[in-house]
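Student: I should like a close look at one charged pairing and its surroundings. Please begin with the side chains themselves and then place them among the elements of the chain.

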Amino acid sequence: GFRCAKASPPDWEQRIRDTYITALVEMGRERFAEALQAVDRGLALDPVNVELLELRPLIEQSMTRR
């Protein structure tokens, strides 16, 4: 469910940021399945995270181009 940012644990935002960075790194390595897993981990923490929601279709496009 929805949680107020102030009520979230202090490392929550950092963990989401880490999944985003991991996804970008894996995309750069052309390891798209791993990138998608990182995005899914981040979305499990924050299902409405705009950056992750925007990144997911880019990864899926890259997977279909291979």
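Student: The side chain of which residue meets that of Glu-26 in a salt bridge of 3.0 Å, N to O?

Tutor: The partner is Arg-31, whose side chain meets that of Glu-26 at 3.0 Å from N to O. A salt bridge here is a side-chain nitrogen of Lys or Arg within 4 Å of a carboxyl oxygen of Asp or Glu. The model is predicted: local features need pLDDT of at least 70, side-chain atom pairs count only at pLDDT 80 or more, and totals for chains, interfaces and linings use all residues. Residues are numbered from 1 along each chain as its sequence is written, and side-chain values use heavy atoms, with hydrogens and water left out.

Side chains of opposite charge can pair when their charged atoms come close. Glu-26 also forms a salt bridge with Arg-29, for which the closest N and O atoms are 3.8 Å apart. Glu-26, Arg-29, Arg-31 and Glu-34 are in fact linked in a network of salt bridges. The two ends of the 3.0 Å pair fall into separate exposure classes, where buried means under 20% relative accessible area, exposed over 50%, and partly exposed in between, with a 1.4 Å probe and protein chains only. Glu-26 counts as buried because its relative accessibility is 10%, whereas Arg-31, at 38%, counts as partly exposed.

A search of the whole structure finds 7 salt bridges. One of these joins the side chains of Arg-56 and Asp-40, at 2.2 Å from N to O. That pair links distant parts of the chain, since Arg-56 is in helix H3 and Asp-40 in helix H2, 16 residues apart. Both ends are partly exposed: Arg-56 has 28% relative accessibility, and Asp-40 has 34%.

The setting of these pairs is a chain with 3 helices and 0 strands, in the order α-α-α from the N terminus. Helices (H or I, at least four residues) and strands (E, at least two) are DSSP runs, numbered from the N terminus. Of the 66 residues in the chain, 30% are buried.

Glu-26 belongs to the face that H1 turns to H2. In that packing, Trp-12, Arg-15, Ile-16, Thr-19, Thr-22, Ala-23, Glu-26 and Met-27 of H1 meet Phe-32, Glu-34, Ala-35, Ala-38, Val-39, Arg-41, Gly-42 and Leu-45 of H2. By class, these residues divide into 9 nonpolar, 3 polar and 4 charged. Ala, Val, Leu, Ile, Met, Phe, Trp, Tyr, Cys and Pro count as nonpolar, Asp, Glu, Lys and Arg as charged, and the others, Gly among them, as polar. The axes of H1 and H2 lie 8 Å apart, at an angle of about 165 degrees, which makes the two helices roughly antiparallel. Axes are lines fitted to C-alpha atoms, for helices over the stretch in contact, and angles run from 0 to 180 degrees between N-to-C directions. Angles under 35 degrees count as roughly parallel, over 145 as roughly antiparallel, 65 to 115 as roughly perpendicular, and the rest as oblique.

Helix H1 (residues 12–28) also packs on H3: their axes come within 11 Å and cross at roughly 20 degrees. This makes H1 roughly parallel to H3. The contact (heavy atoms within 4.5 Å) is made by Ile-16, Thr-19, Tyr-20, Ala-23, Leu-24 and Met-27 of H1 with Glu-51, Leu-52, Leu-55, Leu-58 and Ile-59 of H3. Its residues comprise 9 nonpolar, 1 polar and 1 charged.

Met-27, the neighbour of Glu-26 in sequence, takes part in the contacts of H1 with H2 and with H3. Met-27 is buried because its relative accessible area is 18%. Leaving aside neighbours within four places in sequence, Met-27 touches Phe-32, Ala-35, Leu-55, Leu-58 and Ile-59. The C-alpha atoms of Met-27 and Ile-59 are 7.2 Å apart, although 32 residues separate the two along the chain. In the chain overall, residues 24 or more positions apart account for 51% of the contacts with a separation of 6 or more.

A further acidic residue, Asp-46, lies in the loop between helix H2 (32–45) and helix H3 (50–65). Asp-46 is buried, with a relative accessible area of 15%. Beyond its neighbours within four places in sequence, Asp-46 is in contact with Trp-12 and Ile-16.
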